[in-house]
Amino acid sequence: MRVDTTGKISLGHIYTRPDPRAYFSTLRDLDYNIPELAKPHFRGLIAEYREAHRVPVPTVLDIGCSYGINAALVKYGITMGDLYDRYGGRDAHRHTRGTLLARDRELVRSVEGEKRVRFLGLDASEEALSYALEAGFLDGAVHADLENGDPTDEQRAQLAGTDLVISTGCLGYVTERTISRVVGAHGRRRPWMAHFVLRMFPFDAVAETLAAAGYETVRRGGLFRQRRFATPEEQSLVLDRLADVGVDPSGLETGGWFYARLYISRPTDK
């Protein structure tokens with residue numbers, strides 16, 4: 001397997017397929033589970049925001065949303081196990097994109113989902129966004145690469161309507177440039193944020209950018225397993241990177257797993 005500039009194996013191909021089967025069949029083998037661990041934290045923050053701001057139906061922006069996984073889990077109560085069985089099970093190869101979408105839309109209709117939240121997805125993969133929208137997991141989508149360019153006027157208006165911003169693993173590839181452009185789209189109105197970030201990626205630059213925009217960031221206690229290392233080479237390269245950024249991997253990454261931290265950022269005026 002090829003590795004990217006961070007030392008992780010290159011998985012870009014699983015985010016650009018017309019449906020999520022490659023995504024789930026690949027990540028199932030690596031025990032990828034961070035969205036499941038993140039779900040109660042996101043739900044708790046959404047409820048807290050709703051109560052604090054008296055917003056009946058807050059809108060959540062999921063940066064790097066891929067196929068709408070966080071939306072499916074948070075809004076519809078689906079589990080990662082459900083999704084692995086759905087797209088990576090034995091009969092998955094028998095379906096077409098159309099039959100998968102029909103099955104997903106039926107699920108969305110049949111589940112008593114959380115109606116008091118909307119999900120907007122931001123991703124550079126048009127294929128993943130298109131699937132998540134057609135399935136009904138996302139309520140809206142922004143197809144953009146904000147690392148390399150400003151949002152259009154239409155995209156800026158979409159971003160400006162969000163109340164919370166979340167992510168589960170894209171920060172490190174996505175940097176303070178994207179976060180700054182998301183915040184800038186809101187003008188004086190600033191969303192709350194919750195980001196799960198791998199320990200190999202320092203959060204300092206993002207925290208400093210947010211502080212300059214009037215935010216206070218705290219790190220929640222605990223660590224969160226993201227997935228297993230795919231190869232000994234990947235583990236070795238990541239251990240080297242952790243050493244470079246001054247993070248001790250003993251008993252954690254040395255045991256064969258990526259670990260993430262959770263950062264919560266709120267405007268200082270709340």
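**Exercise 1. Place R86 and describe its surroundings.**

R86 sits in helix α4 (residues 80-88). Helices here are DSSP runs of H or I with at least four residues, strands are E runs of at least two, and both are numbered from the N terminus. The model is predicted: local features need pLDDT of at least 70, side-chain atom pairs count only at pLDDT 80 or more, and totals for chains, interfaces and linings use all residues. Residues are numbered from 1 along each chain as its sequence is written, and side-chain values use heavy atoms, without hydrogens and water.

Next, accessibility. R86 has 16% relative accessibility, so R86 counts as buried (under 20% relative accessible area; exposed is over 50%, partly exposed in between; 1.4 Å probe, protein chains only).

Last, partners. Leaving aside neighbours within four places in sequence, R86 is in contact with R103, D104 and L107. Contact means heavy atoms within 4.5 Å.

**Exercise 2. Determine how α5 packs on α6, and with which residues.**

Start with the geometry. Helix α5 (residues 97-110) and helix α6 (residues 126-135) pack at about 45°, with axes 8 Å apart. Axes are lines fitted to C-alpha atoms, for helices over the stretch in contact; angles run from 0 to 180 degrees between N-to-C directions.

Classify the angle. α5 is therefore oblique to α6 (under 35 degrees is roughly parallel, over 145 roughly antiparallel, 65 to 115 roughly perpendicular, the rest oblique).

List the residues. α5 contributes R97, L100, L101, D104, R105 and V108; α6 contributes S130, Y131, E134 and A135.

Sort them. The contact of α5 with α6 has 5 nonpolar, 1 polar and 4 charged residues. Ala, Val, Leu, Ile, Met, Phe, Trp, Tyr, Cys and Pro count as nonpolar, Asp, Glu, Lys and Arg as charged, and the others, Gly among them, as polar.

**Exercise 3. Treat α2 and α3 in the same steps.**

The axes of α2 (residues 34-53) and α3 (residues 69-76) come within 9 Å and cross at roughly 60°. α2 is therefore oblique to α3.

Now the residues. P35, E36, K39, F42, R43 and I46 of α2 meet I69, N70, L73 and V74 of α3. By class, the contact of α2 with α3 has 6 nonpolar, 1 polar and 3 charged residues.

**Exercise 4. Characterise H195.**

H195 lies in strand β5 (residues 192-198). H195 is buried, at 0% relative accessible area.

Beyond four places in sequence, the contacts of H195 include I63, V165, S167 and R261. H195 and R261 are 66 residues apart in sequence, yet 8.1 Å apart in space, C-alpha to C-alpha.

Finish with the side chain. The H195 side chain makes a polar contact with the side chain of S167 (2.7 Å). A polar contact is a pair of N or O atoms within 3.5 Å; within protein, one must be able to donate a hydrogen and the other to accept it, and residues adjacent in sequence count only if both atoms are side-chain atoms.
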